[in-house]
Each structure stands twice: as C-alpha cells, then as structure tokens.
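New to this one? Here is a short tour, taking in how far to trust the model and how some of its charged side chains pair up.

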Amino acid sequence: MAEEVTLNRRESLDRRGRGYYSFRSRAAIPCDDENNIIGIDCERLSGLTSESVDENDDTSANADDGFRRGLSSKVSEGITRGTTTVFQVIRRALHEGVVANMLLQNEKEGSALASLDDNNDSSAIRDSTPHHRNAGKYTVIAFINSRSGGGKGMEIFKTLQSLLGNEFVIDLNSCGPGQMPENTLLKYARDPAVRILACGGDGTCGWIYSSLDKVWSNILGMKGRVHLSDQFKDHLPMAIMPLGTGNDLSRQYNWGPKFRKYMIHKSIISAVADADVMGLDRWRCLILPMSSLGEDEKKYIPQILCEKDSSNHDPNSERTSLATMTELEGMLHDEENNPKKGNKFVTESNQPSTAYFDGLFCNYFSLGFDATVLFEFHKERVNNPKKFTSPWRNKLVYVEKSPTGIRAPKLRKRVQIFVNNKEGDLVKLKIPKDTRSILLLNIQSYAGGNHIAPKGTPDDGLIEVIFVSNLIRLVSTAVVGPVMPYVLFKVRAQTNRVCIRTKCPLHCQVDGEPWLQGEAVIQVKFHTRNAILKKSSAVMNCGCLSGTDNVVVS
C-alpha cells in the first residue's frame, strides 16, 4: 500500500512537469569538484546499496544524488524500529527529503526552482556544466588580468579566489588556445543564474563582450546578436571592478570611477548578486580604406578592429550583409572628392584597398582633436611604459599632451557625415564651420566620467551625434555641465547608423583606443544589446560608488 501511494505521488508530480527524478537532478545539492556530495562517503553508501538492491531496481538509480539533510534522522529511526532494511530507509529518506525540499522551495518567492520553472529554463540548466552557487542564489565568474590594477592585480586575483573559488576566477594574463574567456563562458551560458565580474578597464570589458559574441554565435548563430533571443538575452550579465584609467562603463553603471581597497572584500560579491540587469547597446564599426595601409599605419589600429580581406567576398558575406556596402563604396568615388577638382585636403590613393576593418564597441567613437591628444598619449605609453604606473600618472601625461588638441584642424572641408533618418534613408548632416571634433556617444560618461550631452540612454538602439568646436569648450562643458545643463552640447542627431567620409588623414578613437585614419568611409551601426549589471542604489554601500574606506559590508 505504501509503495502504491509513493508511485501515485510521483505520477502527480510528473503531471505537473516537476517530476521526482526531474527535480532530484536539478536540486541545489552541494558537491565538490568530483561531483560528490559534500560531507557524504559516497563509496560507503554505494557499497551499502549494492548489497541490498537488485541492479534492475530503477528506484535506486543515482540514489546518492538525492541525499539530503533528513537522511541521518531517518536512518536512525529505521534502525531503532528494526522493521526495515538499511536501503529501504535510505530510499524512503531520499524520496521524502527531496519532495519536502521541493515543496519548501516552491513556497519561497524567488527560489531557484520557481525561477527556473517560471522561465522554462530547466533544459538550459541540464545542458550547463554542473557547479555550485558561490554568491547566494548566483554563481559569479570573475575575469582579471593579474598584472593590472597598478600592481594590485595579483592581490585581487588571490582574494577573489578565496571568495569565489579557484575555478571561478580566470586570469586573463594566462589565456591561450583552449583557455580563452569564451571557452569558460560557453560552459555556463545556459544557466540564467550565472553572473560575470570583469576586473579591469573599458578594454577588459570590451574583451569579455567580444568573447560573449563568440559564445552566442556558437549557441544561437545570428552573428552573436543575443538581444534577438528571448531565452538568452539576459544571460551572463556583467558587473565591473574598475581597474582602468577612465572607467567610463563602470561609471555609467554605478560601479565607481576607480578601484578602492575595500572593493576586494565580500561586499563586492554581494553587490554583484544584488545588482539589476540592464541592457547595453553595442555598435559595429566598419572601415573601408581608400588605399592600402602599410605596416606602420596598421600598428596603432585597435585590436577590436579586425582586418579582413574583401577580395573574395560574396553578396551573402558578413561584409555586405552588415549594410548596403555598394552605397558606402560609392562614397569613396564621389565626384566631389576627386583630387582633380582642386580639393587640397584630398590625397592621391596609391592603390585600391581590398582590406577593411571590422569590430564592435560599447562606449563612444570620435574623430578629431580629442583623438589626436589620445593618440599622442598612447604613443608615449607604448614608448615609455615605465611612466605609466598609476591612474594619476596617466592623467598627468594626458594633460601634458593636451596642447596638441588646440592645433587640430577644422573638419568641415575634411569630413562628410551621413545619418539614417526615421525612414531608414541616409541623409547628409551639415557640419558647423568651427567643428574640430565629431563625437558619437552611446553612454553618458565620456573620457573619464564627463557628462557632456543632455539626452540619450545606452539601451535605446540610438547613438548621439555631437559636434565640438575646440578643446577649451569641451573642458568647460565637462566641468560645469553637471550643475549648468544649458552649457551641454546640442545633440545634432540620434540615429541607428552613421557614415563618415574622411578626405584626408585624421585621428580617430573608439572606446579610448586611438589611431590615425587615412581616406576612408567609416560606418557605425547598431549591432546588438548585451546584458550588464547596474549596481543597485538600494543595497548597502560597498565602496563601489562612494563612501569612506571604513565602510565595508560583510
């Protein structure tokens, strides 16, 4: 009779889609690296069961997977009564313990079981690498360059290992074939309760997002455009521990302007677990050079802009599917830009280029004097790395290079710019005659936390186009803009696509990575939207945004 009742209960659970064995395989049971239950002698348990049960008894399969806290009391009770065998007691304890745990978890709002069932992600969990939760109901995976953080990288690396576990802290400095960030993230991509902690600057964040593109391309196809997937669009959201110089992305999402020593305490893990999932638009930058580039010219092109060859591309290739490439190539041969017309800013092309550059960015793109200053700073950092040992020294060198921006040329006769209108057609945007820099802003934190535009959000699928006249105007706006909004720059366009035709060599930068760009067509277009974590203002201060060194939440 008892066996019949048990079977009826299991059949009832199965009809609800939360079967006994289905739940038992998903239950959050603490396991070690070998997938054995912590605190249980699995070999001894296996020996007991093999002596008492027939191999064909399906109710004994994977019995140790369902071992719960009520087991010891049930065993003691059965032995005292002397009416059942050891295995029967174990089996009954397994069943009653798992079912009771399931019912208790169903009563808790926001429990792992309820969350998985409500989102229909149980199949995704079964496909993920088995792992335990190291941050409450979440698993946090941290990526850090042990050589970064002004010499504090190794200390942070070891501290995070003690907080999260060695297997959940990845040193980017040791990456290699088969050990890249995407190899790790692919194992956890299907689990909605996994979160990322990127320890570094904006470049590190861009690297992790590039790795996520490969993960989602592997799982979804669609060139990694995860925002098109209802199931995975909020998976693997990223929090930030700011270890860079500008840390604009960290500032935008409330993780702070710079690293502070209390960020390596347990409170940062709590902040990651309590953070809110938001969206971050990412933009595709495509560059079609007018002429072939030499090795010296390619040296400073950012790594996020990969060089590709278009000589053998077909109409269905990545290059042509991104946008109407014949439209862009037509700009390269515009009659207005013919050197024979007497335009002194247009240079002769040595030979047509079959190469193009393609990559994604998160924060901003600019062309003009600000990129010139950044380029001089970057060259100095490459040639004299010993001068760049801390964020403060970096900023001092940046100030030293600022005068180069004052001598930057006006852009009106050197650049043409086109934007998509509401109908999706490219229209020409008039450039004011005193413009020396063109900014395309995705986030509202520019060049180290400066707020210079009155509108725009990083998850609306639109990028803001701003014209800047000179360095002094930019600096004054950055200083007084937060308290005097009327001095902020006017947004000339909000669009999902921008095309820029450069007629002579000009400095460009994308997410703080500068280079010297010759004659070319540059296209910036919305590509995808990734999940990112915004530090919740409701949680206690962990030092990520403000506070004193004495504020630490345990």
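This is a predicted model, and the mean pLDDT of the protein is 75, with 65% of the residues reaching 70 or more. Confidence bottoms out in helix α6 (residues 112-119), where the mean is 34, and peaks in strand β11 (residues 437-441), at 97. Over residues 44-84 the pLDDT is below 50, yet this stretch has 48 contacts in the model beyond near neighbours in sequence. Residues 98-126 also have a pLDDT below 50, and there the model shows 43 contacts beyond near neighbours in sequence.

Now for the charged pairs. Side chains of opposite charge can pair when their charged atoms come close. How many salt bridges does the structure hold? The count is ten, and three of them are set out here, among them one between E182 and K214.

| Salt bridge | Closest N to O |
|---|---|
| E182 and K214 | 3.4 Å |
| D358 and K308 | 3.3 Å |
| E376 and K379 | 3.9 Å |

Let's start with E182 and K214, whose closest N and O atoms are 3.4 Å apart. E182 sits in helix α9 (residues 181-188) and K214 in helix α10 (residues 202-220), so this salt bridge ties together parts that are 32 residues apart in sequence. Is E182 buried or exposed? E182 is buried, with a relative accessible area of 14%, which means it falls under the 20% cut-off.

Next come D358 and K308, which meet at 3.3 Å, N to O. Here the partners are in strands: D358 belongs to β7 (residues 355-361) and K308 to β6 (residues 306-309), so the pair links parts that are 50 residues apart in sequence. D358 counts as buried, at 6% relative accessibility, while K308 is partly exposed, at 26%.

The last pair in the table is E376 with K379, at 3.9 Å between the closest N and O atoms. Where do these two lie? Both are in helix α16 (residues 369-383), three residues apart, or about one turn of the helix. E376 is partly exposed, with 22% relative accessibility, and K379 is partly exposed too, with a relative accessible area of 26%.

One more thing about the charged side chains: salt bridges can share partners, and in this model such sharing joins R284, K308 and D358 into one network. That brings the strand pair back in, as D358 and K308 form a salt bridge with each other.

Terms used:
Residues numbered from 1 in each chain as written. Predicted model: local features only at pLDDT ≥ 70, side-chain atom pairs only at ≥ 80, totals over all residues. Heavy atoms only, no water. Salt bridge = Lys/Arg side-chain N within 4 Å of Asp/Glu carboxyl O. Helix = DSSP H or I, 4+ residues; strand = E, 2+ residues; numbered from the N terminus. Buried < 20%, exposed > 50% of the residue type's maximum accessible area, 1.4 Å probe, protein only. pLDDT = per-residue confidence, 0-100. Contact = heavy atoms within 4.5 Å.
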